[in-house]
Amino acid sequence: TGPADVATRANAIVGNGVGIDARSATVHAGENWWGCDGGPGASGCDSFAGAVEVPDWLTLRLESSTATVPIAGTTTITASVTRDSRGELVSVPSLSPIEELESERPNEEGVGAVGFADGASISFSASGGFLVSPVTTVAGSASSTFTAIAPTGTATVRATLYHAMAQVPLQVVNPGTREPGAGPRPGTGTP
């Protein structure tokens, strides 16, 4: 970055319409959360105006610690905003509490903010079982325990953060059944 440039990363830029308004400097705004998995300007995401460079952005991911769970059994479900739109792991600083960029308090370049990592509320829901929800993020991740209550078959767990939703299917089996693929299972989300 040059002397007139500004860099911002690992922020929640959400709920402003125009999240960054760069009037007299170039803003390098990669690795930020814009409110949805589509990136700045996508439906549900904040946009930007002026000289803003956004080569990548944070996305919501969901995974289960196991691919199968017995009826009345449990598995850990983890939602995270620690990978960018290219699928690369991003080091998210542990900052607290979360502060969304608000158009009422930007600096002279329209960029306000403190960090995304801690305190964002992720809502979990499921078919075929239940979880504790909502759960707040710590270092960009939030975990909940899924308890299977459905008969055997597929259960679906979902996580929602602002305008993004990710899901992971789980195979519910009879207790004592050993199914192939019993290891961790990644869910859907933007690669």
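Q: Which strand does S144 lie in?
A: Heads-up: this is a predicted model, where local features need pLDDT of at least 70, side-chain atom pairs count only at pLDDT 80 or more, and totals for chains, interfaces and linings use all residues. Residues are numbered from 1 along each chain as its sequence is written, and side-chain values use heavy atoms, leaving out hydrogens and water. Strands here are DSSP runs of E with at least two residues, numbered from the N terminus, while helices are runs of H or I with at least four. By that count, the run covering residues 141–148 is the one holding S144, namely strand 10.

Q: Is S144 buried or exposed?
A: The scale is relative accessible area with a 1.4 Å probe and protein chains only: under 20% is buried, over 50% is exposed, and in between is partly exposed. S144 has a relative accessible area of 5%, so it counts as buried.

Q: Which residue's backbone oxygen does the side chain of S144 reach?
A: Contact means heavy atoms within 4.5 Å. Leaving aside neighbours within four places in sequence, S144 is in contact with several residues, including T75, T76, I77, F124 and L131. The backbone oxygen that the S144 side chain reaches, at 2.8 Å, belongs to V132.

Q: How many strands does the chain have?
A: Read along the sequence, the pattern is β after β. The helix count is zero, and the strand count is 13.

Q: What is the strand order of the open sheet with mixed pairing?
A: Two strands count as paired if DSSP finds at least two bridges between them. Five strands make up this open sheet. Its edges, each pairing on one side only, are strand 5 (68–70) and strand 9 (135–136). Reading across, the order is 5-12-11-7-9.

Q: Which residue in strand 11 stands opposite S123?
A: Strand 7 (residues 121–127) runs antiparallel to strand 11 (residues 153–161), with five bridges. Within that pairing, S125 has R158 as its bridge partner. For S123, the residue opposite is T160.

Q: Which residue in strand 9 does S121 stand opposite?
A: Strand 7 also pairs with strand 9, in the antiparallel sense over two bridges. There, S121 faces T136.

Q: In what sense do strand 2 and strand 3 pair?
A: Three strands form another open sheet, in the order 1-2-3. Strand 1 (6–7) and strand 3 (47–53) are its edges, each pairing on one side only. H28 stands opposite E53 in strand 3. Strand 2 (residues 18–28) and strand 3 share six bridges, and their sense is parallel.

Q: How far apart are the sulfur atoms of C36 and C45?
A: A disulfide is a pair of cysteine sulfur atoms within 2.5 Å, and the count by this rule is one. Both C36 and C45 are buried. Their link is left-handed, with -115° about the S-S bond. The sulfur atoms of C36 and C45 sit apart by 2.0 Å.

Q: What share of the area exposed by the chain do carbon and sulfur atoms supply?
A: Of the 191 residues, 42% count as buried. Accessible areas come from the Shrake-Rupley method with a 1.4 Å probe, and for residues only the protein chains shown count as cover. The chain exposes about 8,700 Å², and the share from carbon and sulfur atoms is 51%.

Technical notes:
A polar contact is a pair of N or O atoms within 3.5 Å; within protein, one must be able to donate a hydrogen and the other to accept it, and residues adjacent in sequence count only if both atoms are side-chain atoms.
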